[in-house]
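Biologist: I should like to go through this two-chain model with you. Could we begin with the contact between the chains and then turn to the sheet and a single residue?

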Amino acid sequence: MPKLIRWRDGDAVLDDSAFTAVADEDDVPAGDVIISLSRFQSEGERLLSEGRAVGVRLEASENVEDLVYDLPRIAVVAVAFPKFRDGRGYTTADLLRARYGYRGEVRAVGDVLREQAGFMVRVGFDAFEPADGATPEQWRHAANRHRHVYQRAADGRAPAFAERGE
Amino acid sequence: MYRYDTLDKEFLADRTAEFREQTARRLAGEITEDQFKPIRLMNGLYLQLHAYMLRVAIPYGSLDSRQLRKLAWIARTYDKGYGHFTTRTNLQFHWIKLADTPDILDALASVDMHAIQTSGNCIRNVTADPFAGATAEEIDDPRVWSEAMRQWSSLHPEFSFLPRKFKIAVTAAPQDRTAAKVHDIGLVIKRARDGALGFEVMVGGGLGRTPYIGSTIREFLPASRLVSYLEAILRVYNRHGRRDNIYKARIKILVAALGAEEFARQVEEEWEKIGTASDLPDTELARIRAAFAPAVFETLPARSEAFEVAKASNPAFARFVRNNVKPHKKAGYAIVEVSLKAIGETPGDASADQMEVVADLAERYGQDDIRVTHEQNLVLPHVKLDDLATVHAGLAAAGLATPNINLISDIIACPGLDYCALANARAIPVAQHIAEKFADQDRAETIGELKIKISGCINACGHHHVGHIGILGVDKKGEEFYQLTLGGSGAEDAAVGQILGPALPANRVAESVDTLVEVYLRERGEGERFLDTFRRLGVAPFKEAVYAEAH
């Protein structure tokens, strides 16, 4: 079982992923799976009817809008970061949480580094597969680095202007 | 001026602590240079040809004496005793040791300064009119909105990994001193017919390999909706800007590809969905506005006897006043521009001693207010006419009274091949040669406003595209050559310059500028600047003169 870091109430914990990430060219194994958007569009109905949990991997170039209709029955949205510099996934996560009210798991996969932890937590990611081997302790330290933030975001933290108003 | 409160200070302290840890990891060999690079770049630390360069943010180009003295102290303690002011109104230290940078960032934080987002593909330092709060031309104080944007853009969770860097300028005066039209976003503060405050929003201007003048996508944005509208623009850009080619990744390429109209439509559509949730509450805007409450000005007569006497008796002072002193909104006060373009020196450089002199003068005679211009000069925005002669004498003693603002030797130049790993050619010596050729101050004044801008490579940090005369360094088989362009402007009459002809060898640049000036002096009509004459005549007579001599 691949390990991942889960973010819960300001803390990072190590957990097993119950989901198998399945490449398009591979057969879908038994159990809970994460599949591509195109595969979900062609096979999702059948896989869900088998009673298993299904997650969808969104590539950086894919639009979250294409998934919105299905969100209530998707257990995980895995947002891919092909390179840490590719920031499209932040918008994807923010839209999932703030605009479409998605309550399932939003997982960061790909080139996920601890230097991004603070940004990722803020836009609503709650599961991470760090590519740099970051431990939960390191992830927690990085994500909780700043006592204050300046913007409203999906994490619901009070921005500086709201703190000032208190 | 805006003063950091506890929240701002703690934000900065957390950030510097983070960088100290990251640097320690690098110095201990726990991470490679490749892994460290994106981290240091998020903190303004570049690796250049000879050393690390630290780019310190000067938000909207505004400093007080305490901050400028600290910059001087850093220059003396950790650098070679000087710093370089940039066209983004930042300050660069070019001779920094990696191990010193955490201490330098702590020193900066002690005066509410930092290097956050002075590099990387994020929202960079917002620039504003250096005459803000002092000029009678302005509709509102652009610093209020710049400070709001500084906070909003700092470690923005969604927009810190954009396709490319992102630059915003804001001005509130018809005379644009910010080059707003060549920014990713240019904001011009306006009032609607009903008196409501708002912004004209221009998007997609930029220099670099493919220069564009920005397109207006909204004639009037209500001021209170600024943040949500910026988010809509940034979101469309973050999702759809190109990421496959760094030379096509700026927002200008997206705007050009979609067309300004379609881009505007996408922004409006996104903006409607965003709603008002991310806009700043009026109370926060009021808090920031209060920080920029007008300085306390004395009630003074419009005419100062001391000033008139000094002007009549001291020709050097009179010349300084003609070129470097601008009208202030309050009677009895003036705006003083401090040229960092002394003949033969590096444009934009200031020694630690000079920084301290400016800080002292600002504290004693200038309401403790100092500005940096995108043309790499400094400004003392609030000086009494009665004190002008004293301020001039103080500046002159430090080599800071060069009376050449907007004249031919007030040259913008990037650091070029003397420092920069990207450059094809040197820029600083070219600027020095030209300034020396026009060292005669009478002749420079006769020529009048003429903006020369020099870039050492196509990345255009020296803004050559918008120079009245632009000079671009190119590499021809290992030799430095220079491509001249004419007729550019970064001001309210923004335009991209036209190429004059084949690139020239280094030793012909200054004389060719001289030739261009001679054509202008011969052809100019009443009251015409170089730019006006060029626009009337076109490139032909200039080209003929420069290349005729080559044969």
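**Contacts, sheet and one residue**

Modeller: In this predicted model, 26 residues of chain A are in contact with 29 residues of chain B. On the side of chain A that touches chain B, α2 (88-99), α3 (117-123) and α5 (160-165) each supply at least two residues.

Biologist: Into how many nonpolar, polar and charged residues does the side of chain A that touches chain B divide?

Modeller: The residues concerned are those of chain A in contact with chain B, 26 in number. They divide into 8 nonpolar, 6 polar and 12 charged.

Biologist: Which strands of chain A stand at the edges of the sheet?

Modeller: The open sheet has 8 strands with mixed pairing, in the order β2-β1-β8-β7-β6-β5-β4-β3 (chain A). Two of these strands have a single partner strand each, so one side of each is left without a neighbour in the sheet. They are β2 (11-16) and β3 (20-21) of chain A.

Biologist: Which residue in β8(A) is the bridge partner of Arg6(A)?

Modeller: Strand β1 (residues 3-8) of chain A pairs with strand β8 (residues 127-128) of chain A in the antiparallel sense, over 2 bridges. In β8(A), the bridge partner of Arg6(A) is Ala127(A).

Biologist: Is Thr87(B) buried or exposed?

Modeller: Thr87(B) lies in the loop between β4 (82-85) and β5 (91-96) of chain B. Its contacts beyond four places in sequence are His374(B), Gln376(B), Ile412(B), Cys461(B) and His463(B). A residue needs 20 or more C-beta neighbours within 10 Å to count as buried. Because Thr87(B) has 24 inside 10 Å, Thr87(B) counts as buried.

Conventions: Residues numbered from 1 in each chain as written. Chains lettered and ligands numbered in written order. Predicted model: local features only at pLDDT ≥ 70, side-chain atom pairs only at ≥ 80, totals over all residues. Helix = DSSP H or I, 4+ residues; strand = E, 2+ residues; numbered from the N terminus. Buried ≥ 20, exposed ≤ 12 C-beta atoms within 10 Å, placed from the backbone. Contact = placed C-beta atoms within 7 Å. Nonpolar A, V, L, I, M, F, W, Y, C, P; charged D, E, K, R; others polar. Pairing = 2+ DSSP bridges.
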